[in-house]
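Visitor: Hi, could you walk me through this one? I'd like to start with the cysteines and then move to the packing.

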Amino acid sequence: QSQNDFVREWLPWRAEYLNVILEGEQLGICEQCCEAEGSVWCMSCTGVHAWCGPCAVRAHRNLPFHKVQRWNGTHYEPTSLMELGFLWHIGHGGDPCPHNWSDPDPDESGYMTVEEPPNHRSRHSDDLAIRRSSWFQMTIVHTEGIFSHEVSMCNCPGSDSSDWHLDLLRQRLLPASISKPKTAFTFDVLDYFLIDAPECKTSAMSFYQQLRRFTNNAFPERIPDRYRELMRVSQLWRDLKHRKWFGFGHDMDQDPGDGGLALFCPACPQPGINLPADWKVQYDR
């Protein structure tokens with residue numbers, strides 16, 4: 001069959017395809033609590049799901065880079081998990097750190113409710129100072145776009161705020177700075193950039209602009225500009241990947257010498273490998 005044949009086969013089903021797509025955007029009851037209106041749906045999850053705000057946050061406990069939309073009475077508008085009340089807990093598998101609470105019986109979910117204003121994240125006023133010392137807002141760059149998240153770090157005994165950048169690294173996030181990191185890049189987006197640059201000849205500026213349009217195609221200028229951070233962090237990531245590939249990360253006592261991170265080329269003349277020992281006198285050229 002030709003391409004035109006496949007299109008002609010699809011044309012009678014065009015209206016039905018559109019109906020199925022629109023059916024997936026109908027409002028219903030929250031599939032998790034079965035009580036509130038399912039006004040939130042996720043464009044990144046597989047299948048069609050409808051949640052209320054708190055249930056959408058719980059369902060995305062370990063999916064912080066999903067894009068969600070919320071019904072405003074007339075149409076779905078883009079929102080974010082942070083706006084719905086998502087607080088990303090680092091260091092306990094998605095659970096709140098028990099040392100971030102002064103109350104012996106904190107809220108089970110560890111998440112702020114939708115009704116709480118942004119500057120009152122905890123349920124009890126006397127917890128506010130402790131919670132403020134452990135969470136902060138970060139800009140995280142991912143292949144799906146640029147996200148803003150409230151991040152709550154671990155404050156268990158033995159942990160130090162100066163090592164929080166290592167806690168982010170354990171979450172597969174490469175921070176843009178060591179002290180007080182406020183921007184981080186996922187390992188996925190850094191790997192994507194390293195492949196996209198040589199294969200598609202995409203400049204760093206165009207690559208970041210693409211991510212901004214993924215986030216907000218209508219007003220990309222509203223998305224934070226982290227172009228300089230991308231240039232710097234991608235260099236660090238390339239160095240780390242090279243050291244890993246050549247085994248220097250497994251031998252901490254050895255540093256790469258001259259040419260230690262160079263790729264071996266089997267086609268280049270290599271004495272003792274693809275050249276005889278007397279190659280200087282055997283060949284005229």
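**Cysteines, sheet and helices**

Guide: Happy to. Let's begin with Cys 52, which counts as buried at 9% relative accessibility. Keep in mind that this is a predicted model.

Visitor: Which cysteine sulfur is closest to the sulfur of Cys 52, and how far away is it?

Guide: That is the sulfur of Cys 55, 3.4 Å away. The two are too far apart for a bond, because a disulfide needs sulfur atoms within 2.5 Å.

Visitor: And Cys 45, buried or exposed?

Guide: Cys 45 is buried, at 18% relative accessible area, because the cut-off for buried is under 20%. Its closest cysteine sulfur belongs to Cys 42, at 3.5 Å, and that is again too far for a bond.

Visitor: How many disulfides turn up in the whole structure?

Guide: Zero, after searching the whole structure.

Visitor: OK, switching to the sheet. What's the strand order?

Guide: The order is S6-S8-S7-S10-S9, an open sheet of five strands with mixed pairing. At the edges sit S6 (87–89) and S9 (173–175), each of which pairs on one side only. From one strand to the next, the twist averages 40°.

Visitor: How does S9 pair with S10?

Guide: In the antiparallel sense, over three bridges, with S10 covering residues 183–186. As an example, Pro 175 has Ala 184 in S10 as its bridge partner.

Visitor: Which helices pack on that sheet?

Guide: H7 is one of them: it touches S7 (135–142), S9 and S10, and its direction makes about 65° with that of S10. H8, residues 204–215, also packs on the sheet, where it touches S7 and S8 (145–152). The direction of H8 makes about 75° with that of S8.

Visitor: Back to H7 for a second. At what angle do the axes of H7 and H9 cross?

Guide: At roughly 85°, with the axes of H7 (residues 187–200) and H9 (residues 227–245) coming within 10 Å. The two helices are therefore roughly perpendicular to each other.

Visitor: Nice. Which residues meet there?

Guide: From H7 you have Phe 187, Leu 190, Asp 191, Phe 193 and Leu 194. They meet Leu 230, Val 233, Ser 234, Trp 237, Arg 238 and Lys 241 in H9.

Visitor: How do those divide into nonpolar, polar and charged?

Guide: Seven residues of the H7 contact with H9 are nonpolar, one is polar and three are charged.

Note on methods: Residues numbered from 1 in each chain as written. Predicted model: local features only at pLDDT ≥ 70, side-chain atom pairs only at ≥ 80, totals over all residues. Heavy atoms only, no water. Axes fitted to C-alpha atoms, helices over the stretch in contact; angles between N-to-C directions. Helix = DSSP H or I, 4+ residues; strand = E, 2+ residues; numbered from the N terminus. Parallel < 35°, antiparallel > 145°, perpendicular 65-115°, else oblique. Contact = heavy atoms within 4.5 Å. Nonpolar A, V, L, I, M, F, W, Y, C, P; charged D, E, K, R; others polar. Pairing = 2+ DSSP bridges. Buried < 20%, exposed > 50% of the residue type's maximum accessible area, 1.4 Å probe, protein only.
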